[in-house]
Amino acid sequence: MFTIDKYVVAGSLEEAYELNKSRRNAIIGGMLWMRMGRKKISTAIDLSALNLNKIEEDNESFRIGCMCTLRDLETHESLNKCFNSVLCKSLKHIVGVQMRNLATIGGSIRSRFGFSDILTVLLSLDSYVELFKGGIVPLSEYVSMPLDNDILVKIIIKKDGRISSYNSHRMSATDFPVLTCAVANKENEWFVVVGARPMKGVLRTFTLDENYKKDNIDKAVSGVIDSISFGTNIRGSREYRQILADALIKRGIDEILNGGYYAD
């Protein structure tokens with residue numbers, strides 16, 4: 001249980017940023033993880049009045065406000081149509097609809113949880129974060145940046161024509177994942193993200209020509225796995241995760257190629 005001394009509905013991002021400079025203050029979203037701790041918050045900063053709960057689309061990208069819920073992404077028809085429902089697929093195992101109606105995309109991405117399904121998927125796409133002071137930063141860079149008091153305003157996903165796939169392994173349907181894996185393809189370039197290693201997702205890329213022989217894919221996948229570090233926790237060993245990664249990456253490639261993995 002956490003305690004709050006003062007609650008402020010921010011009237012502007014500037015006001016929220018100034019308040020958030022104090023380490024004793026905190027921006028609140030769905031408060032699902034926050035309530036699991038025992039932190040005493042001097043001032044809780046609410047962004048709900050700043051019109052950041054919309055998903056906007058133009059010819060080049062989607063712009064997702066930080067206060068959009070995971071359920072908003074899961075049910076957004078145009079967003080899922082553009083990315084062949086990969087976002088919806090990555091979210092469906094997160095506890096239940098009630099929780100996904102509370103959890104915000106801003107809180108999910110800023111926290112950079114190792115077990116995050118949505119972070120794994122977004123890293124495989126051409127994704128960016130818009131920070132109030134820091135401007136637009138590629139998501140692949142943002143995940144390695146230290147936590148600071150800047151405000152994550154929006155998530156931007158470019159429409160660059162990638163075809164995507166997502167898979168994860170869990171001991172039970174709504175449990176934390178043992179491993180997450182997103183695969184995306186654009187022409188001859190492939191993007192692979194492996195998360196819940198148990199660390200946060202990491203992006204690797206490789207190229208394949210149209211000669212999708214099994215040996216070529218096996219070699220590429222082995223190179224990806226060798227470049228990623230895996231760890232052990234209560235959900236699985238390092239060796240087990242390496243085996244899972246091999247299977248999930250190949251499954252993702254196979255889904256994108258629609259059976260092309262076993263070409264003669």
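Helices (H or I, at least four residues) and strands (E, at least two) are DSSP runs, numbered from the N terminus. The model is predicted: local features need pLDDT of at least 70, side-chain atom pairs count only at pLDDT 80 or more, and totals for chains, interfaces and linings use all residues. Residues are numbered from 1 along each chain as its sequence is written, and side-chain values use heavy atoms, with hydrogens and water left out.

**Exercise 1. Unusual backbone in loops**

Task: Find where proline 198 is placed, and state the form of the peptide bond from arginine 197 to proline 198.

Solution.
- Step 1. Proline 198 sits in the loop between strand S11 (189-195) and strand S12 (202-207).
- Step 2. The bond that leads from arginine 197 into proline 198 is cis, with omega near 20°.

Task: Describe phi and exposure for asparagine 84, then for serine 85.

Solution.
- Step 1. Asparagine 84 belongs to the loop between helix H3 (77-82) and helix H4 (86-91). Serine 85 is in the loop between H3 and H4 too.
- Step 2. Asparagine 84 is not a glycine, yet its phi is positive, about 40°. Serine 85, also a residue other than glycine, has a positive phi near 60°.
- Step 3. Apply the cut-offs: buried means under 20% relative accessible area, exposed over 50%, partly exposed in between (1.4 Å probe, protein chains only). Asparagine 84 has 38% relative accessibility, so it counts as partly exposed. Serine 85 is partly exposed at 36%.

**Exercise 2. The sheet and its helices**

Task: Give the strand order of the open sheet of 4 strands, and say which strands stand at the edges.

Solution.
- Step 1. Two strands pair if DSSP finds at least two bridges between them. The order is S9-S10-S11-S12, with antiparallel pairing.
- Step 2. S9 and S12 are the edge strands; each has a single partner, so one side of each lacks a neighbour in the sheet.
- Step 3. On average, neighbouring strands of this sheet are turned by 15° against each other, direction ignored. Axes are lines fitted to C-alpha atoms, for helices over the stretch in contact, and angles run from 0 to 180 degrees between N-to-C directions.
- Step 4. Take one pair: S11 and S12 are antiparallel over 6 bridges. Phenylalanine 191 has threonine 205 in S12 as its bridge partner.
- Step 5. Add the helices. Contact means heavy atoms within 4.5 Å. H7 packs on the sheet, touching S9, strand S10 (177-186), S11 and S12, and its direction makes about 20° with that of S10. Helix H10 (residues 238-257) also packs on the sheet and touches S9, S10, S11 and S12; its angle with S10 is about 35°.

**Exercise 3. Surroundings of tyrosine 166**

Task: Locate tyrosine 166, then decide whether this residue is buried or exposed.

Solution.
- Step 1. Tyrosine 166 lies in strand S9 (residues 163-170).
- Step 2. Its relative accessible area is 2%, so tyrosine 166 is buried.
- Step 3. Leaving out residues up to four places away in sequence, tyrosine 166 touches Val86, Lys89, Ser90, Asp117, Thr120, Val121, Thr180, Cys181, Ala182 and Glu255.
- Step 4. Pick out aspartate 117. Its side chain and that of tyrosine 166 are joined by a polar contact of 2.5 Å. Such a contact is a pair of N or O atoms within 3.5 Å; within protein, one must be able to donate a hydrogen and the other to accept it, and residues adjacent in sequence count only if both atoms are side-chain atoms.
- Step 5. Tyrosine 166 and valine 183 are 17 residues apart along the chain, with 6.4 Å between their C-alpha atoms.

**Exercise 4. Strand S6 and the nonpolar cores**

Task: Which strands pair with S6, and how many of the residues of S6 are buried?

Solution.
- Step 1. S6 and strand S8 (residues 152-158) run antiparallel, joined by 5 bridges. In S8, isoleucine 155 is the bridge partner of valine 129.
- Step 2. S6 also pairs with strand S7 (residues 135-138), antiparallel over 4 bridges. S6 and S7 form a hairpin with 3 residues between them.
- Step 3. In strand S6 (residues 127-131), 4 of the 5 residues are buried, so the strand is largely enclosed by the rest of the structure.

Task: Which residues touch the most other members of the largest nonpolar core?

Solution.
- Step 1. A nonpolar core is a set of buried Ala, Val, Leu, Ile, Met, Phe, Trp, Tyr and Cys residues joined through side-chain atoms within 4.5 Å.
- Step 2. The largest has 44 residues, and Ile105 and Ile109 touch the most other members. Helix H7 (residues 117-124) gives the most to this core, 5 residues.
- Step 3. Another core, of 25 residues, lies apart from it and includes Val178, Val194, Val202 and Leu248.
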